[in-house]
Amino acid sequence: AGFLVGMDYNTLRMREPIRVDRMGERIAPRVAAGYSDAGTFFNFADVDGTNMGTVCAGTTPGGYHGEVLTFTRATTAWCSRVGEFSGIVNGVLIEVASGAPRVMPGGAGTGGLGLSTWSQRTNTMLRSQDFTNAIWLPLNLGVAAPTVTADQAVAPDGTTTADRVQIPATTALQYSFLYQSSGCASGTNSGAVFVKGNGTSGTFAIGINDGVVWQWSETAYNSTTWTRAVKESVTRGAATLMFVGNHSVGTGNAYGAQDVFLWQADCQLGASMGPPITTVGSAVQRNEEVASIATASVSGNNRCWGATVVAPGVAIETTGAMVWGVGSGGNNFTAANIEAGKLRCYVMIAGAATTLDSAGSLTLSASNRVVCKYDGTTLSACLNGACATSVVALTLPATTSVNIGTQDNTSANASATYKDVVIDTTSTGCRE
């Protein structure tokens with residue numbers, strides 16, 4: 001600490017990095033933005049990238065002040081250096097080793113780096129990258145069946161494993177597609193496949209049968225970047241099939257001829273589509289991702305905690321922990337949760353919970369700023385700048401660690417990418 005002798009406030013302030021918020025506006029240095037050196041504070045995945053390392057490098061990031069992240073996932077996982085669903089170019093998907101965190105921008109691939117934590121998922125679509133395998137059945141009516149040629153293009157992971165699929169045009173009472181008869185398991189499923197035009201552009205359909213009718217989505221594709229076509233949140237009580245291609249009977253729509261490259265099909269149990277999971281001859285499970293960081297003790301009755309949460313697609317977990325500041329005995333904590341799609345601020349003191357929900361819901365497929373704060377008299381639940389408030393008498397517990405995307409540090413709850421995670425000893429220091 002001796003090098004600080006003789007330095008004045010302005011000199012120290014000049015050493016602070018230039019920081020911008022999610023709208024690109026410059027943020028004042030920490031000393032002027034509520035990050036007071038008079039109190040303990042914590043920041044992880046800061047907007048300036050401090051201690052986050054390189055995108056998808058598989059190395060463990062740390063807190064702004066060098067706090068050590070503890071991370072577990074007992075399987076490999078895919079990490080995207082750009083967006084997760086569109087604008088994907090060859091070689092941007094990286095498979096990180098078992099136990100390696102996925103440091104990535106998440107969502108549309110914009111903004112700073114964050115930590116992606118997902119609950120356990122299983123891909124039940126077999127031979128997920130080989131559409132020439134016999135497990136993929138062609139089915140046609142009124143037109144020819146699809147023609148599939150193996151390994152014709154470079155895939156998003158940089159390997160030449162994308163298959164060319166040619167599908168004739170279809171109109172009413174016609175179809176031509178590929179499917180797996182038991183590709184999706186019983187329960188609520190989400191399906192996906194990466195698609196890119198072979199010098200073409202168009203609309204590609206993917207669907208899951210719910211036992212009564214087809215539920216499908218249509219995705220625009222182009223010839224320069226990969227797009228991940230998805231159909232999320234389809235529930236059925238028995239194993240069912242998923243199709244990729246032209247199914248005018250199922251959708252009721254006409255489709256032009258398709259000449260596309262396909263890669264990596266998934267059908268995952270879950271209401272939203274998670275990162276891809278490669279399969280060969282059997283279903284593959286990606287284990288849950290759990291992250292926590294020990295901090296110096298954070299105390300006082302004037303405090304905030306929050307994060308920027310890059311939420312997944314069309315559905316989100318009904319309940320789940322986003323940011324939990326954990327205290328002694330596992331019974332004293334303050335938290336930002338998802339509850340029925342909304343932010344729920346949660347304070348547990350000696351087994352008694354005080355909660356407050358935001359007025360609005362999280363925006364899916366987008367970044368959301370969630371902040372819970374207490375100023376000694378009023379508890380506030382702030383979602384994207386809009387705050388619900390409740391006047392309540394609380395004595396906030398001291399916390400000594402932060403769980404990210406998990407409540408109990410043993411299982412993942414709220415699947416998302418987390419950025420700018422903050423706990424501060426003022427009610428105004430979390431950039432709501």
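Author: Two strands count as a pair if DSSP finds at least two bridges between them. With that rule in mind, we may read this predicted model. Strand 15 and strand 18 (residues 240–247) are joined by four bridges and run antiparallel. Within this pairing, Ile206 stands opposite Val244 in strand 18.

Reader: Which strands form the open sheet, and in what order?

Author: An open sheet is read strand by strand, from one edge to the other. Here five strands take the order 10-13-18-15-16, and their pairing is antiparallel. Strand 10 (137–141) and strand 16 (214–221) are the edge strands, since each pairs on one side only. From one strand to the next, the twist averages 25°.

Reader: How many bridges join strand 15 to strand 16?

Author: Eight bridges join strand 15 (residues 202–209) to strand 16, and these two strands run antiparallel. Individual partners can then be named: Ala205 stands opposite Glu218 in strand 16, and Gly207 has Trp216 of strand 16 as its bridge partner. The two strands form a hairpin with four residues between them. In the turn, Gly211 has a positive phi of about 100°.

Reader: Is strand 15 mostly covered or mostly uncovered?

Author: A general idea helps here. In a regular strand, side chains alternate between the two faces of the sheet. As for strand 15, six of its eight residues are buried, and the strand is described as mostly covered.

Reader: Which other hairpin may I examine, and how many residues lie between its strands?

Author: The hairpin of strand 28 and strand 29 has two residues between the strands. Six bridges join strand 28 (residues 378–383) to strand 29 (residues 386–391), and the two run antiparallel. Cys382 stands opposite Cys387 in strand 29. Asn384, in this hairpin, takes a positive phi near 50°.

Reader: Which residue in strand 31 has a positive phi?

Author: The sign of phi is read residue by residue, with a note of whether the residue is glycine. Asp420 lies in strand 31, and its phi is near 45°, a positive value in a residue other than glycine. Asp420 has a relative accessible area of 5%, so it is buried, the cut-off being under 20%. Cys56 also merits attention: it has a positive phi of about 60° although it is not a glycine. Cys56 is placed in the loop between strand 3 (42–44) and strand 4 (69–72). Its relative accessible area is 6%, so Cys56 is buried.

Reader: Which residues of the largest nonpolar core touch the most other members?

Author: A core is read by asking which of its members have contacts with many others. The largest nonpolar core holds 38 residues, and Phe44, Met322, Leu343, Tyr418 and Val421 touch the most other members. Strand 31 (residues 416–424) contributes the largest share of this core, namely four residues. A second, separate core of 21 residues has Val165, Tyr221, Val234 and Met242 among its members.

Reader: Which residues are in contact with Tyr418?

Author: Neighbours within four places in sequence are left aside. The contacts of Tyr418 then include Ala45, Gly114, Leu115, Thr117, Met322 and Ile404. Thr117 has its place in strand 8 (residues 114–117). With a relative accessible area of 0%, Thr117 is therefore buried. Read from its own side, and again without those neighbours, Thr117 is in contact with residues including Glu289, Ala291, Ser415 and Tyr418.

Reader: How many aromatic pairs does the count come to?

Author: Aromatic rings are compared by the distance between their centres and the angle between their planes. The count comes to nine aromatic pairs. For Phe131 and Trp136, the ring centres lie 4.7 Å apart and the planes stand at 45°, so this pair is tilted. Phe131 and Trp136 are both buried. Elsewhere, ring pairs link Tyr175, Phe177, Tyr179, Trp214 and Phe243 into a cluster.

Reader: How many helices and strands does the protein chain have?

Author: The protein chain has two helices and 31 strands. Of its 432 residues, buried residues make up 52%. The accessible surface comes to about 16300 Å², and 52% of that surface belongs to carbon and sulfur atoms. Among contacts with a separation of 6 or more, residues 24 or more positions apart account for 71%.

Methods. Residues numbered from 1 in each chain as written. Predicted model: local features only at pLDDT ≥ 70, side-chain atom pairs only at ≥ 80, totals over all residues. Heavy atoms only, no water. Core = buried A, V, L, I, M, F, W, Y, C linked by side-chain atoms within 4.5 Å. Buried < 20%, exposed > 50% of the residue type's maximum accessible area, 1.4 Å probe, protein only. Contact = heavy atoms within 4.5 Å. Phe/Tyr/Trp six-rings, centres within 6.5 Å; stacked < 30°, edge-to-face > 60°. Axes fitted to C-alpha atoms, helices over the stretch in contact; angles between N-to-C directions. Areas by Shrake-Rupley, 256 points an atom, 1.4 Å probe, with all protein chains shown as cover.
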